[in-house]
Amino acid sequence: MKTLPTRAGDRPKTGPSVPHVQLSQLSPDEIREQLTKWMSTALPATEIRPSEISEPGATAFFLEGDAKPPEGAVLLPPRLIAEFAHVHTDGSLHLALSQEDQQELIAKGWGERHPLYSPTINVVMLYGPRTEEELEVAKTVVAASNRYATGRSL
């Protein structure tokens, strides 16, 4: 993932446990819709369907068909090999990222680890984008998640 800019402002409030959702600084509907539409067309070899783990209403992205992630990649529970990202109704996302990309995301203020995060629960939250500029950053992070899940760049 290319170097991210530092996110402006304080981190939003998030739920301390499951369901892990964003409680403040929510993504405007039109920005969330733009992100979901972009993800629906820009991520090759993926399927869109309801999440296997997220709250109802989340739009989830899975590897297509019988595709498997690269050796060592851990995707979202419960299967750890299929769902790599989902967009919540609040505009935030849960996704799987490499350790290096997770560190960049957290250090620059764009997200946080899931409360149940562990080596086998590789889930980080990307805060919902609030502006067109933040939407572009979100696309960069989602592309990194897709690359981690598929082994291929967009």
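Which exposed residues are carried by the face of α2 turned away from its buried side? In this predicted model, that face of α2 carries Glu-100, Gln-103 and Ala-107.

The opposite aspect of the helix may be considered next. Helix α2 spans residues 99-107, and its buried residues are Asp-101, Gln-102, Glu-104 and Leu-105. These four lie on the same side of α2 because they cover an arc of only 165° around the axis. The partners against which the buried residues of α2 pack are β5 (111-113), β6 and α3. Just after α2, Gly-109 adopts a positive phi of about 85°.

Helix α3, one of those partners, also takes part in the nonpolar interior. The largest nonpolar core comprises 31 residues, and Met-39, Phe-84, Leu-93 and Leu-95 have the most contacts inside it. Two or more residues of this core come from each of the helices α1 (29-42) and α3 (132-150), and from each of the strands β2 (59-63), β3 (83-87), β4 (93-95) and β6 (124-126). Helix α3 supplies the largest share of the core, namely 8 residues.

The two helices that contribute to this core, α1 and α3, also pack against one another. Their axes are 10 Å apart and form an angle of about 30°. Because this angle falls under 35 degrees, α1 is roughly parallel to α3. The crossing of the pair is right-handed. On the α1 side, the residues that meet α3 are Ile-31, Gln-34, Leu-35, Trp-38 and Met-39. Their counterparts in α3 are Glu-132, Leu-135, Ala-138, Lys-139, Val-142 and Ala-143. Met-39 thus appears in this helix pairing as well as among the core residues with the most contacts.

Lys-139 of helix α3 merits separate attention. Is this residue buried or exposed? Lys-139 has a relative accessibility of 18%, and since buried means under 20%, the residue counts as buried. When residues up to four places away in sequence are not counted, Lys-139 touches Leu-35 and Trp-38, both of which belong to α1.

The segment before α1 contains Leu-26. With a relative accessible area of 44%, Leu-26 is partly exposed. Leaving aside residues up to four places away in sequence, Leu-26 touches Asp-90 and Arg-130. The C-alpha atom of Leu-26 is also separated by 7.8 Å from that of Ser-92, although the two residues are 66 residues apart along the chain.

Methods. Residues numbered from 1 in each chain as written. Predicted model: local features only at pLDDT ≥ 70, side-chain atom pairs only at ≥ 80, totals over all residues. Heavy atoms only, no water. Core = buried A, V, L, I, M, F, W, Y, C linked by side-chain atoms within 4.5 Å. Buried < 20%, exposed > 50% of the residue type's maximum accessible area, 1.4 Å probe, protein only. Arc of directions from axis to C-beta. Contact = heavy atoms within 4.5 Å. Axes fitted to C-alpha atoms, helices over the stretch in contact; angles between N-to-C directions. Parallel < 35°, antiparallel > 145°, perpendicular 65-115°, else oblique. Left-handed = near helix turned anticlockwise from the far one by under 90°.
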